[in-house]
Amino acid sequence: MLVNFCPESFAASPDPFDMSTCEMQRLKEELEMWKERVAKAEKTKADQLLCKLSAEEEYFKAEEELKRLKDIQKNFTMLQDTHEKELNTLHQENAKLKRDIQELQEELAVCSSGLSRVGQIKKKVAEMKLKFSHMEDLKHAYPDINTHCVFGVAAKIPFRLNQNQALITFEDEVAAQRLTRMGKHTVNLDANKTADVSVKPFTLEMGFKFELHVVISGKKIYVSDIPELPIHEDWVRDKLELNFYKPAQGEVENVTYNSQSRTAVITFLRPGVTNSFVRYTKYPFLVNGRCHMLSVLPHHSVHLEKFQLYSGISKKTILLKGVKEIEDDEESVQDMLEIHFQRPTNSGGEIEKIKYVSKGVTCVWFEEDA
């Protein structure tokens, strides 16, 4: 079979491999562009992966921090509960203390009211030494109105001296201080016996001293032993005024009468009138036809000043402890102690007083040095 080829069928068609230089250049540039895009995408992917890892690390850190904060909050809550319990306990104790303070204040108020009713606190004290000090200067024109005397008063201070102890008071405090610094001493009690004694300073208990001011009135007298009369107090007062009235010496200014104690204080107008009454101590009292003898004394007032408390160590006295019991009597042992501590070779000195107790307990009294 014959095929007729038309010339057009042999017309030229484009060759796929026959590209122009421009087209190749364009394709290369496009390839390079895609390569760059892929590189950027890879880089972006890597950055995102790093960000993810960093975010996961931050997440784990945040989770650990959150756990730590939760533990802290838990501990804080526990501490807060503990503190609240302690605070509640303190509030309860504070309330109890307030109630106790209130009760004590009420008791103190009761005691204070009791003391105010009594007016003073009484306490037994040792015998006191009264020493005249001086006369106060009179500040008025009449020297015979009042006499103001001042006395110094010091209470003796007690000390408890126990068994097998001795107190030695030296004339010079240097010897006492020297023996105290030495501390221990060996004393020959007799030919065959010795005793190791210790010398101790000692603190005295509290003592006190004050000034006693006595004012003797030149216008008043104190009358006692007034008889009990079946009349009104005002009449007794009038009779006393008439009885002590002296026209030549002065009138009676006032009469204070106490019916319970049957005493009276009579005040005259003129100073010095009292001298004619108090010199006899007894004065007649005529009433209802009978004569009664009244006791008459100068009227005086007393008050205290410069009250002082004190305590200290007796510088001239030493306390001996550890004196052994021996068959000799107490006075013999005391003599042996005195002989030992009087000798200068034993660091002693002249002894003023000594007291030794072999059995029982005795009380020794000290006075303040002048």
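Visitor: What places glutamate 23 and arginine 26 about one turn of the helix apart?

Guide: In this predicted model, glutamate 23 and arginine 26 both belong to helix H1, which spans residues 21-118, and they are three residues apart, about one turn of the helix.

Visitor: Why is the contact between glutamate 23 and arginine 26 called a salt bridge?

Guide: The N to O distance between the two side chains is 2.2 Å, and the rule asks for a side-chain nitrogen of Lys or Arg within 4 Å of a carboxyl oxygen of Asp or Glu, so the pair meets the definition. Side chains of opposite charge can pair when their charged atoms come close.

Visitor: Why are glutamate 23 and arginine 26 called partly exposed?

Guide: Buried means under 20% relative accessible area and exposed means over 50%, with partly exposed in between. Glutamate 23 has a value of 30%, and therefore counts as partly exposed, while arginine 26, with 41%, is therefore partly exposed as well.

Visitor: What makes arginine 68 and glutamate 65 a salt bridge, and where do they lie?

Guide: Their side chains meet at 2.4 Å, N to O, and the cut-off is 4 Å, so the pair qualifies as a salt bridge. Both residues lie in helix H1, three residues apart, which is about one turn of the helix. Arginine 68 has a relative accessibility of 41% and so counts as partly exposed, and glutamate 65, at 33%, is likewise partly exposed.

Visitor: How do you know that aspartate 100 forms a salt bridge with lysine 96?

Guide: The closest N and O atoms of aspartate 100 and lysine 96 are 3.3 Å apart, and the rule admits a pair within 4 Å, so this contact is counted. Both residues lie in helix H1, four residues apart, about one turn of the helix. Aspartate 100 is partly exposed at 27% relative accessible area, as is lysine 96 at 45%.

Visitor: Which residues are joined into one network by salt bridges that share partners, and to how many salt bridges does the count come?

Guide: The network joins Glu23, Arg26 and Glu30, and the count by this rule comes to 10 salt bridges.

Visitor: What makes glutamate 173 eligible for a patch of negative charge on the surface?

Guide: A patch member needs over 30% relative accessible area and no salt bridge. Glutamate 173, placed in helix H2 (residues 173-182), has a relative accessible area of 34% and is therefore partly exposed. Glu173 gathers with Glu171, Asp172, Glu350 and Glu352 in that patch.

How values were computed
Residues numbered from 1 in each chain as written. Predicted model: local features only at pLDDT ≥ 70, side-chain atom pairs only at ≥ 80, totals over all residues. Heavy atoms only, no water. Patch = residues over 30% accessible without salt bridge, like charges linked within 9 Å, V, L, I, M, F, W, Y side chains within 5 Å. Areas by Shrake-Rupley, 256 points an atom, 1.4 Å probe, with all protein chains shown as cover. Lys, Arg positive; Asp, Glu negative; His and termini not counted. Charge placed at Lys NZ, Arg CZ, Asp CG, Glu CD. Helix = DSSP H or I, 4+ residues; strand = E, 2+ residues; numbered from the N terminus. Buried < 20%, exposed > 50% of the residue type's maximum accessible area, 1.4 Å probe, protein only.
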